[in-house]
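Here is a short walk through part of a protein chain. The text moves from a strand and its partners to a loop and then to another strand.

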Amino acid sequence: MINIRKLETDLWDSADLLRSNSKLTSNQYCMPVMGLVFLRYAYCRFKAVEAELLGARPKWNGRGLLPIEESDFLEKNALWLPEQARYDYLVNLPGNVKAAKIIGKDGRPINSLGEAVNNAMALVEEQSAQLVGVLPRNYTDFTDDVLSELLRTFNDSALDDVEGDVFGRIFEYFLNKFAKSVAQDDGVFFTPKSLVKMIVNVLEPQKGVLLDPACGSGGMFVQSGDFVTAQGSNANSMMTFYGQEKVEYNAQICKMNMAVHGLSGKILSGNTANTFYHDAHRLAGKCDYVMANPPFNVDKVKAESCASAGRLPFGLPSVNKNSEVGNANYLWISYFYAYLNARGRAGFVMASSATDSQGRDKDIREQLIQTGHVDVMISVGNNFFYTKSLPCSLWFFDKGKAKELRDKVLFIDARNYFTVVDRTLNEWSEWQLKNLTAIVWLYRGELDKYRALIKEYRQTLGKKPFAETLDAMDAELDALRESAKKAVAKAKKQEKKRTQAEWDEKIAELEKTRSVAQEAVWLYEKFGEGEYQDVLGLCKIATRAEIEAKGYSLTPGAYVGVAQQEDDGVDFHKRMAEIHEELVKLQEESNRLMDVIAQNMEEMGI
């Protein structure tokens, strides 16, 4: 498994070392570097799609594969790259570019590596109209040596194996490192893949208009495009993507990100695209889907300008003596609702405090609940955001909700359901995302989707009962760890590290399969073959009357209750004895090493 954080750190360390050896400031260096990351990521996707196309290619007159054309890439929502725009072409150019006698797209000779990269960017812009004027074209500001080293830095093979919106994530990391002043309002514009996928899974975009009025790096568009493609449709044919983004840098990255994934959209940026004051695309009441991760708890928003811009079906939130909205959370919530058409769906990330905030917020929330269009509420725990540790909630509206659900809301408390990535980052695994989505399916009465998931689990794990499979895997893991311990102990000193690595790989593979079994047990024990029930501490379908009785709170924890703490099956006294034994061994090893060091120093006469 790729350690993305380590990869980001390694890439940054290399790029920053080169920056310190150039005459460019951080702000001047930022976009050219991100342009190279874009080109590298575009090439990753290009290679992957090319391999997929070649694998499915029929023979041509019995002599070979039919040639791949640009149109084939368009059908796969991928960006076609002419040869001179491909990353491997640039990386492998000779040291003396001028001597190679390369002719650029404009018919002129290319005399430096900087000109070659500028030419590549120009060629890419020809493939996507929305990239015109977006990609950096100032690579001649770099010396060939620095640029060559940068190209090699981002040629790390690990980038080929990273899934999801890696481009947006690496951009955020680099932006925070390069120029924090660019990230205005301290807003989080990169939305974690887990949250984006959950929003898309619940909204299930099929066709129509999708708006993200705080689009950042474009992750909502990318994931929606993937979802539509997985259903067997062409995202650009079925969907129309619209985005608003106040920060110009973010909008540029969004356009690059969409282009890499073969998506086209209308992305507006700058002050006239500030969603607080402008419906830049004039989409109020016209959207089939709205998805967003807006900045939380923004203050000092001009109330008069908001009122003039409309999209406030429930009125303004609280306004202070300076005619400002002191907390803009309910501005966003109102806007998202106002953008929807008669059957539209919205899904967005919001600060946890918004689910039961008081004053005018509560008045707006009550009106919203009375529409019957609040669909699903999900509480998310700490450490899901890449740069923030705060908890949040996912809100879902559905104006086309089935009649039998119009008086109900599904509450899910997922604060204790996640996978730990590292000390400061959590996420939902693919199977955990499927499980959470399965609860929504059952709430909606979509039993066929739930049963298809149970079938998928059985195809992955076998026909035995899930709990039995999990127990067998636990026993197998124990045996495997014991075998590893013995094998390492028997191995020669120079072979111990390699032996340990080999066994670790076997253990990791089994642990991966075990995690699937664990999620299968988690789901099946609660809902069996497909019967929804409220689960204490996890989920509850509440009626409008129950919500009114709770003071119109939309906090899942207020409805689902608290589950009993499960026994983790660990014998405390036994485990403490094991830890003590390990500590004694470590102390003995430490003492032995100190003796060796002392002896070495004595021999050196120190």
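**A strand and its surroundings**

Phe348 has Trp395 in β11 as its bridge partner. The model shown is a predicted one. The pair belongs to a wider match between β9 and strand β11 (residues 392-398), which run antiparallel and are joined over seven bridges.

β9 also pairs with strand β6 (residues 287-292), here in the parallel sense and over five bridges. In that pairing, Leu340 in β9 is the residue opposite Cys287. The strand β9 is mostly covered, with ten of its twelve residues buried.

After β9 (340-351) comes a loop that leads to α14 (360-370), and Thr355 is located in this loop. Is Thr355 buried or exposed? Its relative accessibility is 1%, and because buried means under 20%, Thr355 counts as buried. Apart from neighbours within four places in sequence, the contacts of Thr355 include Arg365, Met377, Ser393 and Trp395. Trp395 is thus named twice, as a contact of Thr355 and as the bridge partner of Phe348. Tyr552, Ser553, Leu554 and Thr555 are also among the residues that Thr355 touches.

Another residue to look at is Asp413, which is part of strand β12 (residues 408-414). Asp413 has a relative accessibility of 8%, so this residue too counts as buried. Its side chain makes a polar contact of 2.7 Å with the side chain of Arg415. Beyond four places in sequence, Asp413 is in contact with Ser379, Gly537, Leu538, Pro556, Gly557 and Val560.

Notes. Residues are numbered from 1 along each chain as its sequence is written. This is a predicted model: local features need pLDDT of at least 70, side-chain atom pairs count only at pLDDT 80 or more; totals for chains, interfaces and linings use all residues. Side-chain values use heavy atoms; hydrogens and water are left out. Helices (H or I, at least four residues) and strands (E, at least two) are DSSP runs, numbered from the N terminus. Buried means under 20% relative accessible area, exposed over 50%, partly exposed in between (1.4 Å probe, protein chains only). Contact means heavy atoms within 4.5 Å. Two strands pair if DSSP finds at least two bridges between them. A polar contact is a pair of N or O atoms within 3.5 Å; within protein, one must be able to donate a hydrogen and the other to accept it, and residues adjacent in sequence count only if both atoms are side-chain atoms.
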